[in-house]
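Before you set anything up with this one, here's a quick walk through its architecture. Have the viewer open as you read.

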Amino acid sequence: MDKRHILFMIDGLEYGGGERVFVQLATGLRNRFRVCAASVCGGTFEHEIKQLGIKFYSVDMSRRFSLKLIPQIKEIIRSNKIDLIHSQGGRADFYARIAARMLKPKVKIVNTVATLVKGYDVGALRKIIYRFFDWFSKRYVDRFIVVSEVLRETLLSSYRIQPDKVIKIYNGIELDEYRPNGKVGVGKRV
């Protein structure tokens, strides 16, 4: 049986928790699925993904909004026969949702929500724009993954997402980073 194809897509403007989780997921899933990733090029996330032998696509989400990204992402989805896109971050979520929605057959969309759009540290006008794009495109998401009960409850009540579409999964811990002697950060990476 042919392996399913997954695209991990993240804004990737810096290397933080979301990028680390996607590297963990890619590491764990790459033997069972065909995995590729898309993000801003030149950072730690790209380096970590390529170290795993996973195909990386440069998608410049550093600008506020660019319609050119939608056909680029559609082509990545089409050429890799993607079955599922897992995205995180306001820009990555929006572009993944729109590009996947435009394709037939339909591509499944999963978004990890670690911070709600209303909590973004941006100016008032940008926050309104982000909230509109999020509100408009959230209907295309098959599942939302949240990292806390507070986020889950907020998606259910304030965002009116159906309970069966919201799954709570706490972030994992990279146990290989810790040695029994108590020294942190000197373990082997998998």
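What follows goes from the sheet outwards to the helices, and then to a few backbone oddities.

## The sheet

First things first: this is a predicted model. Its sheet is an open one of seven strands, ordered β3-β2-β1-β4-β5-β6-β7, with parallel pairing. The edges belong to β3 (55-58) and β7; each has a single partner strand, so one side of each is left without a neighbour in the sheet. On average, neighbouring strands are turned by 20 degrees against each other, ignoring direction.

Which register do the pairs take? Strand β1 (residues 5-10) pairs in parallel with β2 (residues 34-39) over five bridges, and F8 stands opposite A37 in β2. β1 is also joined to β4 by five bridges, again running parallel; there, M9 has S87 of β4 as its bridge partner. Five bridges then link β4 to β5, also parallel, where S87 is partnered by N111 of β5. In this way S87 is a bridge partner of M9 and of N111.

## Strand β4 and H86

How much of β4 is covered? Mostly covered is the answer, as four of its five residues are buried. H86 sits in this strand, and with a relative accessible area of 7% it is buried.

Leaving out residues up to four places away in sequence, H86 touches L7, F8, M9, F22, L25, V110, T112 and I145. Some of these names turn up elsewhere in this report: F8 is the residue opposite A37, M9 is the bridge partner of S87, and F22 belongs to the contact of α1 with α2.

## Helices on the sheet

Two helices are worth tracing across the strands. α1 lies across β1, β2, β4 and β5, and runs at about 165 degrees to β1. α4 packs on the sheet too, touching β1, β4, β5 and β6 (143-146), and its direction makes about 160 degrees with that of β4.

## How α1 meets α2

Helix α1 (residues 17-29) packs against helix α2 (residues 44-51) at an angle of about 10 degrees, the axes being 10 Å apart. Angles under 35 degrees count as roughly parallel, so that is the label for α1 and α2. On the α1 side the contact is made by E19, F22, V23 and A26, and on the α2 side by F45, E48 and I49. Sorted by type, the contact residues come out as five nonpolar, no polar and two charged.

Which residues of α2 are buried? They are F45, E46, E48 and I49. These residues cover an arc of only 165 degrees around the axis, which puts them on the same side of α2. Their cover includes β1, α1, β2 and β3. Just after α2 comes G53, with a positive phi of about 80 degrees.

## The β7 edge

At the β7 edge, take a look at V166, which lies in that strand. Is V166 buried or exposed? Its relative accessible area is 8%, so V166 is buried.

V166 touches F144, V146, R152, L155, L156 and I161, again not counting residues up to four places away in sequence. The C-alpha atoms of V166 and V113 are separated by 9.8 Å, while the two residues are 53 apart along the chain.

## Backbone oddities

Some background for your Ramachandran check: most residues other than glycine have a negative phi, and most peptide bonds are trans. Two non-glycine residues here take positive values. K81 has a phi of about 50 degrees and lies in the loop between α3 (69-79) and β4 (84-88). R160 has a phi near 55 degrees, and its place is in the loop between α6 (149-157) and β7 (166-168).

Are these two buried or exposed? K81 counts as exposed, at 63% relative accessibility, and R160 counts as exposed at 70%; the cut-off for that label is over 50%.

One peptide bond also deserves a look: the one from K104 to P105 is cis, with omega near 0 degrees. P105 lies in the loop between α4 (90-101) and β5 (108-113).

Note on methods: Residues numbered from 1 in each chain as written. Predicted model: local features only at pLDDT ≥ 70, side-chain atom pairs only at ≥ 80, totals over all residues. Heavy atoms only, no water. Axes fitted to C-alpha atoms, helices over the stretch in contact; angles between N-to-C directions. Parallel < 35°, antiparallel > 145°, perpendicular 65-115°, else oblique. Contact = heavy atoms within 4.5 Å. Nonpolar A, V, L, I, M, F, W, Y, C, P; charged D, E, K, R; others polar. Buried < 20%, exposed > 50% of the residue type's maximum accessible area, 1.4 Å probe, protein only. Pairing = 2+ DSSP bridges. Arc of directions from axis to C-beta.
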